[in-house]
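Please open the model in your viewer and keep the sequence panel at hand. The tour below goes from one selection to the next and says what is found at each stop.

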Amino acid sequence: PMGTIAVILRYVTTPNGTHHIICQGQERFRISGYLDGFPFLVARIERLAEQTGAGDEEIEARFIQLRERAVEVLTLLPDVPTEMVAAVRSIEAPATLADLVAWYLDIKPEEKQELLEEIDLRKRLDRLLAMAAHRIQVMQISREIDQRTKASVGKREREFLLREQMKAIQKELGED
């Protein structure tokens with residue numbers, strides 16, 4: 001029932017034949033009805049004005065929190081370009097930040113659609129704050145498990161090497 005009016009920035013065909021488009025969203029729309037008589041879907045739409053949150057202290061507070069969590073998520077992800085963190089820090093519009101975080105956050109497409117359909121900026125920021133907090137918690141736990149696993153494997157490798165060295169020493173001493 002809702003979508004995004006977008007500008008196509010690039011059309012790419014990969015070597016394996018798949019096609020990708022890179023778009024930049026411009027504004028939200030709601031479908032008010034479908035039109036007949038075309039060999040493809042044609043819809044009548046209603047453009048939806050984006051809330052700016054200007055002058056709203058609660059939205060500003062949520063915006064600041066979301067920016068901090070967004071940067072934290074990016075620092076926990078592997079191979080994130082530093083430009084991405086700088087881009088997040090430079091965003092000054094709460095709605096723009098919300099859309100960017102919804103794009104890169106590892107959530108289901110259905111959840112992204114629900115966020116797109118949430119017109120109330122305060123509610124959208126609240127949902128994203130909760131989703132980002134959950135993602136941060138999962139990523140931190142995952143990192144801790146990875147570190148413990150590496151430490152455990154490292155310990156076993158050291159023990160194995162020491163056993164092999166002891167065998168070599170015993171063999172050497174036995175041959176003397």
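Begin by colouring the chain by confidence: this is a predicted model, with a mean pLDDT of 89 for the chain, and 99% of its residues reach 70 or more. Select strand β3, residues 42–48, where confidence is highest at a mean of 95, and then helix α5, residues 121–175, where confidence is lowest at a mean of 85.

**The nonpolar core**

Next, select Val101, Tyr104 and Leu128, which are the residues with the most contacts inside the largest nonpolar core, a set of 29 residues. To see the frame around them, display α1 (57–76), α2 (82–90), α3 (94–104) and α5, since these are the elements that give two or more residues to this core. Then centre on Val101 and, setting aside residues up to four places away in sequence, look for the side of the chain that it touches, namely Leu66, Ala70 and Leu128.

**Salt bridges**

Now turn to the charged side chains, among which the count comes to 13 salt bridges. Select Arg30 and Glu46, whose closest N and O atoms are 3.9 Å apart in a salt bridge. Arg30 belongs to strand β2 (residues 19–35) and Glu46 to strand β3, so that the pair links distant parts of the chain, 16 residues apart. With a surface display switched on, Arg30 counts as partly exposed at 33% relative accessibility, and Glu46 also counts as partly exposed, at 40%.

Move on to Asp126 and Arg62, whose side chains meet in a salt bridge at 2.5 Å, N to O. This pair, too, links distant parts of the chain, with Asp126 in helix α5 and Arg62 in helix α1, 64 residues apart. Which of the two terms, buried or partly exposed, applies to Asp126? Asp126 is partly exposed, with a relative accessible area of 33%, whereas Arg62 is buried, because its relative accessible area of 18% is under the 20% limit. Keep both residues selected and add Asp56, Glu58 and Arg122, for these five are linked in a network of salt bridges.

A further stop is Arg135 with Asp106, a salt bridge in which the closest N and O atoms are 3.1 Å apart. Arg135 lies in helix α5 and Asp106 in the loop between α3 and α4 (109–117), so the pair ties together parts that are 29 residues apart in sequence. In accessibility, Arg135 counts as buried at 18%, while Asp106 counts as exposed at 55%.

**A buried arginine**

Stay on helix α5 and select Arg124, which lies in this helix. Arg124 is buried, with a relative accessible area of 1%. What is Arg124 in contact with, once its neighbours within four places in sequence are left aside? Its contacts are Arg28, Glu50, Ala95, Ala98, Asp99, Leu115, Glu118 and Ile119, and showing these side chains together with Arg124 gives a view of its surroundings.

**A nonpolar patch on the surface**

For the last stop, return to the surface display and select Val7, Leu9 and Ile22, which form a nonpolar patch there with about 250 Å² of accessible area together. Ile22 has its place in strand β2, and it is partly exposed, with a relative accessible area of 40%.

Definitions and conventions: Residues numbered from 1 in each chain as written. Predicted model: local features only at pLDDT ≥ 70, side-chain atom pairs only at ≥ 80, totals over all residues. Heavy atoms only, no water. pLDDT = per-residue confidence, 0-100. Helix = DSSP H or I, 4+ residues; strand = E, 2+ residues; numbered from the N terminus. Core = buried A, V, L, I, M, F, W, Y, C linked by side-chain atoms within 4.5 Å. Buried < 20%, exposed > 50% of the residue type's maximum accessible area, 1.4 Å probe, protein only. Contact = heavy atoms within 4.5 Å. Salt bridge = Lys/Arg side-chain N within 4 Å of Asp/Glu carboxyl O. Patch = residues over 30% accessible without salt bridge, like charges linked within 9 Å, V, L, I, M, F, W, Y side chains within 5 Å. Areas by Shrake-Rupley, 256 points an atom, 1.4 Å probe, with all protein chains shown as cover.
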